[in-house]
Amino acid sequence: MAMNPYDWIEQSLDTIHRASWYRSVKSIQGRPGAILCLEGQELVNFASNDYLGLAGDERLVQAAITATAELGTGATGSRLLTGHRSLHQALEGAIAQLKQTEAALVFSSGYLANLGTIAAIVGQQDLILSDQFNHSSLKNGAKLSGAFVIEYPHNRVDHLGQILRQHRQNYRRTLIMTDGVFSMDGDLCPLRPLLNLAIEFDCMTLVDEAHGTGVLGQTGAGCVEHFGCSDQPLIQVGTLSKALGSLGGYVAGSASLIDFLRNRASSWIYTTGLTPADTAAALAAIKIIQENPQPRVQLWQNIEQLQELLKHHQIPTFPSSSPIICIPFKDAKTALKASQQLQEQGIFAPAIRPPTVSTSRIRISLMATHQRIHLEKLIQGLLTQGLSG
Ligand SMILES: *Cc1c(COP(=O)(O)O)cnc(C)c1O
């Protein structure tokens with residue numbers, strides 16, 4: 001009986017390798033930007049969530065330094081005990097103002113904001129209707145809640161309506177949840193039709209604004225603003241770690257929702273408050289977004305330029321209305337090979353493969369700080385993959 005109970009790990013790793021699903025980490029040097037230095041090689045970065053280029057911005061860096069010098073490196077405790085600072089309150093006020101909601105609450109990450117919120121607002125007597133392409137944090141939040149979960153086909157409002165007609169009356173509360181911008185595809189949720197169903201069937205609606213905040217909408221408030229739904233009864237979740245260039249997550253909504261979460265969201269109650277540095281950096285980012293639309297305008301000009309170039313060269317893409325633009329490949333191996341060849345040409349554009357997505361692809365994400373020559377270089381790289389239709 002000399003068996004090793006950990007043998008299965010190496011066997012599982014072998015399987016992952018054989019399916020071309022294996023992933024590992026690589027060290028990036030220096031401050032984030034449109035050009036990254038990866039193990040000594042300079043590459044144009046098409047894989048950043050730092051849409052507005054704020055993560056390397058001097059104003060955020062200085063805000064973090066000042067807050068650290070004044071308040072220290074750690075919050076030292078949970079917000080309900082010794083970890084609450086007026087800086088947290090200022091950030092929550094700024095998020096609520098940006099989102100045009102009554103209140104907001106910051107979590108240690110967007111992932112934890114979703115887990116905590118979903119598990120707090122629904123339970124075993126309830127139903128969750130979740131888009132098939134939703135982010136992992138929404139899916140795992142649904143599992144943690146103990147609610148009955150039905151996944152509806154991506155963006156299919158007609159299917160969602162059928163499910164509601166069939167199942168809604170069997171449950172106490174129902175939560176419809178969706179990414180605003182779908183993170184691996186770049187398309188948007190049909191927010192108005194989803195809200196119409198939510199109203200008709202007495203459902204709550206949660207929208208994940210991780211890739212929308214700072215990017216979409218007249219004032220950069222996100223996908224909800226883009227669709228003119230800021231006045232609707234919604235639960236908005238998002239992250240401080242993408243366009244806001246910091247670390248942390250948030251929920252924005254009614255004052256009673258936020259008050260309830262402070263009392264019931266375990267991933268907020270039983271964890272340490274955000275660091276002064278992260279909090280101050282995110283606050284500085286929101287100020288910049290509200291005072292100066294220029295980075296957002298530049299980002300959208302880049303999106304239009306790249307879309308035009310792709311169309312001109314007949315390079316196929318998935319439908320997108322965001323800085324996330326994906327190019328389909330027939331399998332994980334070819335996508336991986338294309339990504340490696342792009343890297344040899346000075347372009348960092350990762351292959352996204354199963355199990356993250358069902359169809360393998362190269363995923364491009366654009367930043368305000370990309371220049372025309374970067375986009376042209378990307379197109380040249382893609383053309384040498386023989387991608388042109
Ligand atoms: C990145 C992301 C999150 C998680 O945010 P973190 O702050 O990085 O934990 C949640 N939802 C979506 C759609 C995301 O893309």
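Analyst: Ala, Val, Leu, Ile, Met, Phe, Trp, Tyr, Cys and Pro count as nonpolar, Asp, Glu, Lys and Arg as charged, and the others, including Gly, as polar. Keep that in mind as we look around the ligand. The model here is a predicted one.

User: Thanks! How many nonpolar, polar and charged residues are in the shell around the ligand?

Analyst: The shell holds two nonpolar, nine polar and three charged residues.

User: Which residues come nearest to the ligand?

Analyst: There are 14 residues around the ligand, and those that come nearest are Gly 110, Asp 208, His 211, Thr 239 and Lys 242.

User: What are the distances between polar atoms of Gly 110, Thr 239 and His 135 and atoms of the ligand?

Analyst: Let's take them one by one. Gly 110 uses its backbone: a polar atom there is 2.7 Å from an oxygen atom of the ligand. Thr 239 uses its side chain, where an N or O atom is 2.6 Å from an oxygen atom of the ligand. His 135 has a polar side-chain atom 3.3 Å from a nitrogen atom of the ligand. On its own the ligand has 380 Å² of accessible area, and the protein covers 85% of that.

User: Thr 239 is at the end of strand S9, residues 235–239. How should I read the side chains of a strand?

Analyst: The general idea is that side chains in a regular strand alternate between the two faces of the sheet. In S9, Ile 235, Val 237 and Thr 239 point one way, while Gln 236 and Gly 238 point the other way.

User: Are the residues of S9 buried or exposed?

Analyst: Buried means under 20% relative accessible area. Five of the five residues of S9 are buried, so the strand is largely enclosed by the rest of the structure.

User: Which strands are joined to S9 by bridges, and in what direction do they run?

Analyst: S8 is joined to S9 by three bridges, and the two run parallel. S10 (residues 249–253) is joined to S9 by four bridges, and that pair runs antiparallel. Follow Gln 236 to see both: Gln 236 is the bridge partner of Val 207, and Gln 236 also stands opposite Ala 252 in S10.

User: Can I practise on strand S14?

Analyst: Please do! S14 covers residues 361–365, and five of the five are buried, so S14 too is largely enclosed by the rest of the structure. Arg 361, Arg 363 and Ser 365 point one way, with Ile 362 and Ile 364 pointing the other way. S11 (residues 324–328) runs antiparallel to S14, with five bridges between them. S13 (residues 351–352) is antiparallel to S14 as well, with two bridges. Ile 362 is a handy marker here, for Ile 327 stands opposite it, and so does Ala 351.

User: What is the form of the peptide bond from Pro 354 to Pro 355, cis or trans?

Analyst: That bond is cis, with omega near 10 degrees. Pro 355 sits in the loop between S13 and S14.

User: Which strands stand at the edges of the sheet S1-S2-S3-S12?

Analyst: That is an open sheet of four strands with mixed pairing. S1 (28–29) and S12 (347–348) stand at its edges; each has a single partner strand, so one side of each is left without a neighbour in the sheet. S12 pairs with S3 (residues 41–45) in the parallel sense over two bridges, and Val 44 has Ile 347 as its bridge partner.

User: What is phi at Thr 76 and at Asp 202?

Analyst: Both are residues other than glycine with a positive phi: about 70 degrees for Thr 76, and near 55 degrees for Asp 202. Thr 76 lies in the loop between helices H2 and H3, and with 67% relative accessibility it counts as exposed. Asp 202 is in the loop between helix H7 and strand S8; its relative accessible area is 58%, so Asp 202 is exposed.

User: And which residues is Thr 279 in contact with, beyond its neighbours within four places in sequence?

Analyst: Those are Leu 87, His 88, Leu 91 and Leu 274. Thr 279 lies in helix H11 (residues 276–291), and at 0% relative accessibility it counts as buried.

Conventions: Residues numbered from 1 in each chain as written. Predicted model: local features only at pLDDT ≥ 70, side-chain atom pairs only at ≥ 80, totals over all residues. Heavy atoms only, no water. Near = heavy atom within 4 Å. Polar contact = N/O pair within 3.5 Å; in protein donor to acceptor, adjacent residues only side chain to side chain. Areas by Shrake-Rupley, 256 points an atom, 1.4 Å probe, with all protein chains shown as cover. Buried < 20%, exposed > 50% of the residue type's maximum accessible area, 1.4 Å probe, protein only. Pairing = 2+ DSSP bridges. Contact = heavy atoms within 4.5 Å.
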